[in-house]
Amino acid sequence: EKNNMETSTWRGLGRLARLLAHILAGLWTVYLRFPRLGEAERRATVQRWAAEAVRRCGITLQVRGTPAEPGPDGLMLVANHISWVDIPTIHAIRFCRFISKSEVKHWPVIGRLADSADTLYLQRTSRKDAHRVLHTMAERLQQGDVLAFFPEGTTSEGKELLPFHGNLLQAAISVDAPVQPVALQFLDAQGRLSQAPCYIGDDSLIESLWRTVRAEGVVARVTFGEPERAQGRSRQQWAQDLRETVAELRR
């Protein structure tokens, strides 16, 4: 047991060093290369960076289903939320603009990286800001963007889904944009749910990160469902239906 502990510690330290180097390289890219790149190149760079970040955490990606291509009215992704790893995991498969709480913008390092990925920020306690964000989301969908958010509003341990909040679905309803449900799961080497990447309750980001990089054989399974439109449903009803679909996709 002592040898296993030592092995996992050295494994974690090695991955952590490689991940930190990758983050520094990402900041260098953002500050020095991004101003000279076009939008398509920037988005491709974000996707490559995210895929490498996930790999350096020791996580293997497993994709089921097909990420939909946005049409002229864009595309919205809704996914369950387990960990800080969720965002780079989804970015690794396809670039999208996440809607995130406004506090993230002010986090050291992470805020700058989120900016570079064209994140849209929402002040959760402000009704006025919610209207602003919905208007911006609708505009971006009509420009063919792919937007993504976590309707649970917070992370869970991955065993059961929290209620889905439908407020941000109003943007898709207003422009009749399709929404694609996405199910996230983290599995261990035996195919069971892994708690290593979880980021819930009293967890600190450092604790969650350390558990993740020490773990062996973690697989991020990302399952894409079929895109769907509101078809007259209210945002509350649609949110409930999407939650049921995501639950099915996780089975």
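# Cores, a cavity and two residues

Visitor: Where is the place of His91?

Guide: This is a predicted model, in which local features need pLDDT of at least 70, side-chain atom pairs count only at pLDDT 80 or more, and totals for chains, interfaces and linings use all residues. Residues are numbered from 1 along each chain as its sequence is written, and side-chain values use heavy atoms, with hydrogens and water left out. Helices (H or I, at least four residues) and strands (E, at least two) are DSSP runs, numbered from the N terminus. The place of His91 is in helix H3.

Visitor: Is His91 buried or exposed?

Guide: Buried means under 20% relative accessible area, exposed over 50%, partly exposed in between (1.4 Å probe, protein chains only). His91 has a relative accessible area of 5%. Therefore His91 is buried.

Visitor: Which residues does His91 touch, not counting residues up to four places away in sequence?

Guide: Contact means heavy atoms within 4.5 Å. By that rule, His91 touches Val46, Gln47, Ala50, Cys96, Phe98 and Ala117.

Visitor: Which element gives the most to the largest nonpolar core?

Guide: A nonpolar core is a set of buried Ala, Val, Leu, Ile, Met, Phe, Trp, Tyr and Cys residues joined through side-chain atoms within 4.5 Å. The largest has 30 residues, and Ile59 and Phe186 are among those with the most contacts inside it. Elements giving two or more residues include helix H3 (86-93), helix H7 (205-214) and strand S7 (218-224). The most, four residues, comes from S7.

Visitor: Why are the buried residues Ser208, Leu209, Thr212 and Val213 on the same side of H7?

Guide: In H7, these four, Ser208, Leu209, Thr212 and Val213, are buried. The arc is that of the directions from the helix axis to the C-beta atoms. They lie on the same side of H7 because they cover an arc of only 125 degrees around the axis.

Visitor: How is Pro227 placed, buried or exposed?

Guide: Pro227 is found in the loop between S7 and helix H8 (235-249). Its contacts, not counting residues up to four places away in sequence, are Ala68, Pro178, Val179 and Gln180. The relative accessible area of Pro227 is 36%, so Pro227 is partly exposed.

Visitor: What separates the C-alpha atoms of Pro227 and Val182?

Guide: Pro227 and Val182 are 45 residues apart along the chain. Their C-alpha atoms are separated by 9.7 Å.
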